[in-house]
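Please take a moment to look over the sequence and the model before reading on. The paragraphs below lead from single side chains to whole chains and then to the place where chains meet.

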Amino acid sequence: MATLSIRSLSKSYGATRVVDNISLEVADSEFIALLGPSGCGKTTLLRMIAGFVPVTDGQILIDGRDVTHIPPHLRNTGMVFQSYALFPHMTVAENVAFGLKMRGLSKEESLKRSADALSLVRLQEFSGRYPRELSGGQQQRVAIARVLVIRPDAFLLDEPLSNLDAKLRQSVGLEIRALQRKLGLTTVFVTHDQNEALGLADRLVLMNGGKVIQSGSAIDLYNNPADSFVANFLGRANLMTGSVSASGTFTTDDGLVVACDTKKFAPGSPATLCVRPENIHIGPTAAEHPNTVLGRVLMATYLGPVTEVQVKIPRSETSLTIHVQNRRDDARPALPEVDKECVIGWNYSSALLLSSQ
Amino acid sequence: MRGSIGRFLFAAFNVMVVGLMVVPVVFVVWSAFYDSPFLSFPPPGYTLRWFSEALNHQAFLSGAMTSLKLALCASVVGVIVGTLASLALVRTEFPGRGVLNSVLLSPLIVPNIVLGIALYMFFIWLADQGGLDFTSGFWGLLLAHVLLTLPWSVRLISANLIGLDRSVEEAAMNLGANGLKTFFYATVPQMRSGVIAATLFSFIISFENLEISLLLVGPGSTTLPIALMQYLEFNINPTVAAASTLQVVLIVGLLLLTDRHVKLSRIV
């Protein structure tokens, strides 16, 4: 397999920079997910790696080989598309053998290798069917086999699960991950769905406005977001803008005073406070925490594993979202009733101070 | 209640429109079997002799041959030119693309008879300028009929091209196909339904055309519709109806045959 290096890569359409000076190193056999809201440039970046979008500036190296200006058919990347993009007029076996045929392999060799690839995705008995005779999940697995058979240097996936229903999304996703591990594929996976990214990738690359905002493991990004955009994009976050009033103290625009780590900010500088819903305690034990607020319960919604509670705090326009774990073996926590006052609290370390975005 | 009245009116309107199109055909087919040299109603009896009459009428036979040859050539030429033009129009950017598109579709908006007269005058001018005489012969007719079929080819093939999933072609490139191979392995097979529909429509439009051929036919190159019209100038009997019935059967047969390969309801 191979490494993938992206060096100061940019793409402009007229005055619009869709991809803005991105540098990224993907190690051999690493699985990275390009994640971001639609229009953040993640798909354009992937298509530049595949060679479908001409590069405005910068370099793309696959295994040290500069492919920046090499046409797509000579790059040896393997792309899986959102729409599957199978050849409708070819059987499953012919679809899978296509890449080998283009590489001039003998019929015998390509049949053997296609059969192997099809058995990797457990579709060997479908080889004589046409794509239209398969379900969406099966079609996407054929598309994966079609790419694996050419042993690509870079395995590229463009929202491959978006057209599948929720159950299939998970199973095909896990299948992609298992194959990627087994074959040691250097993989770039584009998605706007954070759950897919968190669940599959070794490393997340969060993009916005054509730039990489933060890159790291799921744990890194979730627990130490670079700024309020990251905190807000990944998971749920209660964000409050304000400024550092003194060392160790942050005052929100609404006048709420919070004790937290302010080391990264000079006194007086603006920042955003982030507290994740699962880190806020509610009920009798809440008052034991360094940050305690008296609020009023607006709404409590049972969501299965958690109950989501909206609490309005004094002087603030917005309410805080709190997740209370629902464990069967727990004594049922005394959930505050709607419209009643309640005490909420969180730890010093649960309050993250971030630069505003 | 209101909805059901609306639905009834809509259904009635549809039945009326379809009726207006079908009833004349039914009467033509029916009258082809009348056992009477005149188109009288009700018919005194039924016979098949008008069919043998039509099939033995020399002018009809040679007209049919000319029309077949002409429709075949016009649709093949029209579809080839139409395919290339559609590829250029849909897949490339060049100055004057809009103009070219309008020019290619313009024969649709000019009445056929006007087109025929204009072409005739143009061919006369061409002959005067020296040499090429297209005024009455197969080649002149072919040129005229290509003009007739081209807009249909461009329309149907362009619509098909616009609707194609480009990622299929990208997949081919990604898997190692260069531009030419991508075109032949991924693009062309997907153009199949558009090309088949375009060929069929071109054939039918050319085969049944009367107006544009009117001034351009000559001895030995008379088309079937012209032969039928000439026959009608001197005779009124069910032979013409029999010949028309055969033509209807041919076209319906073609439509059914095509529908087995490409679902017509999906493209037209």
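A residue is called buried when its relative accessible area is under 20%, exposed when that area is over 50%, and partly exposed in between, as judged with a 1.4 Å probe and with protein chains only. This is a predicted model, in which local features need pLDDT of at least 70 and side-chain atom pairs count only at pLDDT 80 or more, while totals for chains, interfaces and linings use all residues. Residues are numbered from 1 along each chain as its sequence is written, chains are lettered from A and ligands numbered from 1 in the order in which they are written, and side-chain values use heavy atoms, with hydrogens and water left out.

We can begin with charged side chains in chain B. Side chains of opposite charge can pair when their charged atoms come close. Such a pair is called a salt bridge when a side-chain nitrogen of Lys or Arg lies within 4 Å of a carboxyl oxygen of Asp or Glu, and over all chains the structure holds 16 of them. One of these joins B:Glu169 to B:Arg91, with a distance of 2.9 Å from N to O. The two residues stand 78 residues apart and link distant parts of the chain, since B:Glu169 belongs to helix α7 (residues 166-174) of chain B and B:Arg91 to helix α3 (residues 58-91) of chain B. Here helices (H or I, at least four residues) and strands (E, at least two) are DSSP runs, numbered from the N terminus. B:Arg91 counts as partly exposed because its relative accessibility is 23%, whereas B:Glu169 is buried, with a relative accessible area of 5%.

Another salt bridge in chain B brings together B:Glu93 and B:Arg97, at 3.6 Å from N to O. In this pair B:Glu93 is exposed, with a relative accessible area of 70%, and B:Arg97 counts as partly exposed at 28%.

Chain A offers a further example, in which the side chains of A:Asp20 and A:Arg17 meet in a salt bridge of 3.3 Å, N to O. A:Asp20 counts as buried because its relative accessibility is 17%, while A:Arg17, at 39%, counts as partly exposed. These two residues, with A:Lys211, are linked in a network of salt bridges.

Turning to chain A as a whole, we find eight helices and 20 strands, in a C-alpha trace that spans about 75 × 45 × 30 Å along its principal axes. Of its 357 residues, 52% are buried. A contact means heavy atoms within 4.5 Å, and among the contacts in chain A between residues at least 6 apart in sequence, 67% join residues at least 24 apart.

Two loops of chain A deserve a look for their backbone angles. A:Asp63, in the loop between β4 (57-62) and β5 (65-66) of chain A, has a phi near 55°, a positive value in a residue other than glycine, and at 48% relative accessibility A:Asp63 counts as partly exposed. A:Asp339, in the loop between β18 (319-325) and β19 (341-346) of chain A, has a positive phi near 75° and is likewise a residue other than glycine. A:Asp339 is exposed, with a relative accessible area of 51%.

Where do chain A and chain B meet, and how many residues does each give to the contact? The contact takes 24 residues from chain A and 17 residues from chain B. The area buried between them, meaning the accessible area (1.4 Å probe) that two parts lose on being put together, summed over both, is about 1,700 Å², and carbon and sulfur atoms give 65% of it. One salt bridge is counted between the two chains, and in this bridge the closest N and O atoms of A:Arg47 and B:Glu170 are 2.6 Å apart. On the side of chain A that touches chain B, the elements giving two or more residues are α1 (42-50), β6 (77-80), α2 (92-102) and α4 (136-148) of chain A. The largest share, four residues, comes from α2(A).

That helix is mostly covered, with eight of its eleven residues buried, among them A:Val92, A:Phe98 and A:Leu100. The cover over the buried residues of α2(A) includes α3 (107-120) and α4 of chain A, together with α7 and α8 (179-190) of chain B. After α2(A) comes A:Gly104, whose phi is positive, near 75°.
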